[in-house]
Amino acid sequence: MSLIKDIDPTQTKSWKKLEQHFNEIKDQSLIELFKKEPNRLEYLSFDSGNFYFDFSKNHLTKKTLSLFSSLAKEMGLGNAKNALFQGQKINKTEDRAVLHTALRNIKKKPISLDGVELMQFVFAELNKMKNFSIKIHEGKHLGYSSKRIENIVNIGIGGSDLGPNMVCEALKPYWIKGITPHFISNVDASQIDPLLKKLNPETTLFIIASKTFTTQETMTNARTARNWFINHASEKEIDKHFVAVSTNSQKVIEFGIDPQHMFKFWDWVGGRYSLWSTIGLSIVCAVGYDHFTDLLKGAEKMDEHFLNAPLESNAPTLMAFIGIWYNNFFKTQTQVILPYDQRLAYFSKYLQQADMESNGKSIDRNGNQIKYETGQIIWGEPGTNGQHAFYQLIHQGTKIVPCDFIAAALPAHDKTDHHDKLMANFIAQTEALMKGKNIKSVKLELKQQSLSDKEIKTLLPFKVFEGNRPTSTILIDKLSPENLGSLVALYEHKIFVQGFIWNIFSFDQWGVELGKQLAGNILNEIKSGEVDKSHDPSTQKMIKKYLSHKRS
Ligand code: F6P
């Protein structure tokens, strides 16, 4: 029996108190909060392993945290966490457990599902990935003309692409010499075409990664890759160049991949939480099995932190509270992710799926329409690039955009001057966003530039920065595989806590189905040239327009 309470958070006593507290705090600036509480940093920042968290530049006080902590208790967060880790079927609409944490259970704590111990299966697949990758790296698994495999092409989309792609990019300094990973996701052939043109079939391995092995984009790209390969080599060589990662052996066999070359995972692994599973095969091939296990170890560390750290220093839980505070009380709508690290270029893209596919829901766990805000809009870009693009809006726009600043103190290169500049910007931005620039300092600055009083008066309003913009900062010692694992798990758990408090099911994604269904219908019409009159006029016209272009 599930111990999770499915209650409307806004009807709890703690939520009501948070509403009152919001009215007390909403007009106090961050600078005022620092003045009132000189020891603020002590309770709003902490070290945890290789991470330093600073939440002090947020509109929070001890009272905010204590009210959120009561909310978590009132809602039963403790039970929810246990339900997640113990494999209760908390993905109710699909009747599935949610056990991505079992995939990084390196310490092999027993975990069973429906009376079956799972860790034996997890480790069997890990071993299979290990042995396979070693064969590739040692030149024992060769291509059809006995050349070494040099290019690994992961064909997948959503969770079967974003996680491994993000991790491979982040761990570029760890890439095994002679191996280059590539990622193909879009059904738009503008992505696969140019890649195939530059690849040599003799040295290329395709990983067809799809939980269902039915996803239109992936199967279309997989068939294109297969045809390309057969044109250069022959059908009987496919085994050396195609492997599958899936939960669906039947479909893998139908596609023509030998089940021996299939790496399994299970329906209790959600697509967007699957990089820890065999979906991480491209990562193992790119950085080696040991680094992949370090990634898992880092995630396991964060799992333990999430389960055991007291609330005041429980990073994922605090981040979830902060997100809810802004989303539901300050009504901020969005959350920007700003990694000051080019290696994390795909991190916000990855988090978009992890967060928005999980918490973009408007029906609660009892099947009722929700009347409060749920999932935040996640976006972002690495600093410093973002500074020269959208930071204007964050600094001086009409919206408040809560920011997560992330950086690694030690770089993987030796260009100290670059890194000092990067870090100076990283630190400066959070200060600038909080402090802003008042009338007095703008006037002084303009005077020093010898502007006349009239010129100063005209320019003044444009040059003032209100400040008071909230930021959270995460400083990691270095972006090692282990720390990356912890960083990803940190956000996974933040998403879990938020979804739980919002009383939604975070682990299904029914909202993606309708578009797929309609695309299927429209594709049939495009192929037959007969447009169904049941479409609305705008849709009918668009199909006809496309058909007329196609015929011309
Ligand atoms: O369309 C959404 C989705 O189902 C994601 O949840 C998933 O990560 C992605 O498609 C890919 O699915 P699959 O791995 O089954 O190809």
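Here is a short walk through a predicted model, from its sheet to the helices across it and then to some of its salt bridges.

Let's start with the sheet. Six strands make up an open sheet, and reading across it you meet them in the order β1-β2-β13-β12-β10-β11, with mixed pairing. At the edges sit β1 (45–48) and β11 (377–380), each of which pairs on one side only. From one strand to the next, the twist averages 15 degrees. As a reminder, strands of a sheet pair through backbone hydrogen bonds, and the pairing can be parallel or antiparallel.

For a look at one pairing, go to strand β10, which covers residues 334–339. Strands β10 and β11 run parallel and are joined by four bridges. If you would like a specific pair to find on screen, Thr 334 has Ile 377 in β11 as its bridge partner.

Now bring in the helices. Helix α18, residues 416–435, lies across β12 (403–410) and β13 (471–478), and its direction makes an angle of about 150 degrees with β12. Helix α21, residues 481–501, lies across β2 (51–54), β10, β12 and β13. The angle between α21 and β13 is about 155 degrees.

Next come the charged side chains, where the count is 31 salt bridges. One of them joins Lys 107 to Glu 304, with the closest N and O atoms 2.8 Å apart. This pair links distant parts of the chain: Lys 107 belongs to the loop between α6 (100–103) and β3 (112–113), while Glu 304 belongs to helix α14 (residues 289–308), 197 residues apart. Lys 107 counts as exposed because its relative accessible area is 55%, and the cut-off for exposed is over 50%. Glu 304, at 24%, is partly exposed. The two residues also take part in a network of salt bridges that links Lys 107, Lys 109, Glu 300 and Glu 304.

Helix α18 offers a contrasting setting for a salt bridge. Here the side chains of Lys 435 and Glu 431 meet at 2.9 Å, N to O. Lys 435 and Glu 431 are four residues apart in helix α18, so about one helical turn separates them. Both ends are partly exposed: Lys 435 has a relative accessibility of 46%, and Glu 431 has one of 39%.

Finally, have a look at Asp 453 and Lys 447, which form a salt bridge whose closest N and O atoms are 3.7 Å apart. Asp 453 is exposed at 59% relative accessibility, and Lys 447 is exposed at 54%.

Technical notes:
Residues numbered from 1 in each chain as written. Predicted model: local features only at pLDDT ≥ 70, side-chain atom pairs only at ≥ 80, totals over all residues. Heavy atoms only, no water. Pairing = 2+ DSSP bridges. Helix = DSSP H or I, 4+ residues; strand = E, 2+ residues; numbered from the N terminus. Axes fitted to C-alpha atoms, helices over the stretch in contact; angles between N-to-C directions. Contact = heavy atoms within 4.5 Å. Salt bridge = Lys/Arg side-chain N within 4 Å of Asp/Glu carboxyl O. Buried < 20%, exposed > 50% of the residue type's maximum accessible area, 1.4 Å probe, protein only.
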